[in-house]
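Got your viewer ready? Load the model below and keep the selection box handy.

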Amino acid sequence: MKRHIFLAAAVISALGFSTGLQARRQLLLVSDTQMNQMGSEAFEKLKSGNKLSSDKKKLAQTQCVVNALIAVLPEKQARQAWEVQVFEDDSPNAFALPGGKVGVNTGMFKVIKSQDELAAVIGHEIAHVVSQHANERVSQQTLTGLVLQGAGAYAGSKTSSNNTQLLMAGLGLSAQVGLLLPFSRKHENEADILGQKYMANAGFDPAKAVNLWENMMAVNKNGSPPQILSTHPDSKNRIKTLKERTPGLMDNFQAARKAGKKPSCF
Ligand SMILES: [Zn+2]
């Protein structure tokens with residue numbers, strides 16, 4: 001009985017609100033600081049375990065697109081230092097991690113046809129970070145583990161990052177858990193909506209988000225499906241949503257251009 005009370009208390013104190021478009025309740029058990037730490041550690045591992053591209057042009061193009069997008073993020077993320085890397089890898093993939101990390105594979109440049117399409121994929125990835133989707137996913141997994149283990153590990157704890165760390169270690173979760181796994185349909189939808197808005201606000205053509213995912217689907221048809229489609233499922237609904245939302249974002253796009261936001265990255 002006692003441990004159920006502790007579990008309930010922990011969950012209630014950790015409920016937060018999404019920074020996305022629609023306010024919804026999120027289960028956020030992990031502190032920002034710790035999520036940033038986990039993201040940074042995962043990024044370091046990816047950097048040491050994979051080949052970084054020596055293509056300075058691609059890196060500069062990616063950095064330029066990221067800079068334009070960062071400028072329109074909520075203040076917390078806009079003030080953060082973002083690290084950008086291009087990985088030497090033929091599969092068209094991109095990701096963003098808590099802690100201000102963006103990675104793009106060289107293979108992505110074979111799929112995209114403009115800076116706007118690169119902004120579409122990076123905007124989507126950054127939107128996952130701003131919306132705290134990894135935190136939510138880690139929290140859900142942690143909670144599942146807690147329930148399975150009878151919540152004993154949580155007894156007597158206060159929800160601090162230290163306790164969460166102990167809890168994660170106790171559950172045998174690695175530093176990367178929840179960071180590079182597939183997102184849910186709800187998370188995908190939120191990232192699509194928010195990412196496309198970031199694009200428009202940064203002066204990228206929001207209509208090009210549709211082109212990006214159509215190009216990605218074409219790669220899917222011609223050969224083995226790109227990894228990004230397995231970690232970001234639901235492509236058909238995505239294209240439909242992006243098409244529907246484009247007209248409503250044209251004002252944002254025009255206003256951004258008028259305000260001098262005219263990224264020239266490619
Ligand atoms: Zn996604």
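Here is a short tour, from the whole chain down to one helix and its partner.

This is a predicted model, where local features need pLDDT of at least 70, side-chain atom pairs count only at pLDDT 80 or more, and totals for chains, interfaces and linings use all residues. Residues are numbered from 1 along each chain as its sequence is written.

Start zoomed out: the chain has twelve helices and five strands (DSSP runs numbered from the N terminus, H or I of at least four residues for helices, E of at least two for strands). Of its 266 residues, 39% are buried, meaning 20 or more other C-beta atoms, placed from the backbone, lie within 10 Å of the residue's own.

Now select 115-130, helix 6. Its end C-alpha atoms sit 22 Å apart, agreeing with the 22 Å expected for 16 residues (1.5 Å times one less than the number of residues). Colour by burial: 16 of the 16 residues are buried, so the rest of the structure largely encloses helix 6.

Next, pick Gln-132, in the loop between helix 6 and helix 7 (133-148). Its phi is positive, near 60 degrees, though the residue isn't glycine. Most residues other than glycine have a negative phi. Gln-132 is buried too, with 23 other C-beta atoms within 10 Å.

Last stop: add 185-201, helix 9, whose axis comes within 7 Å of that of helix 6, crossing at roughly 120 degrees (axes are lines fitted to C-alpha atoms over the stretch in contact, with angles from 0 to 180 degrees between N-to-C directions). Among the residues making the contact (C-beta atoms within 7 Å), show Gly-123 and His-124 of helix 6 and Leu-194 and Gly-195 of helix 9.

How values were computed
A residue is buried if 20 or more other C-beta atoms lie within 10 Å of its own, exposed if 12 or fewer, and partly exposed in between; C-beta atoms are placed from the backbone. Two residues are in contact if their C-beta atoms, placed from the backbone, lie within 7 Å.
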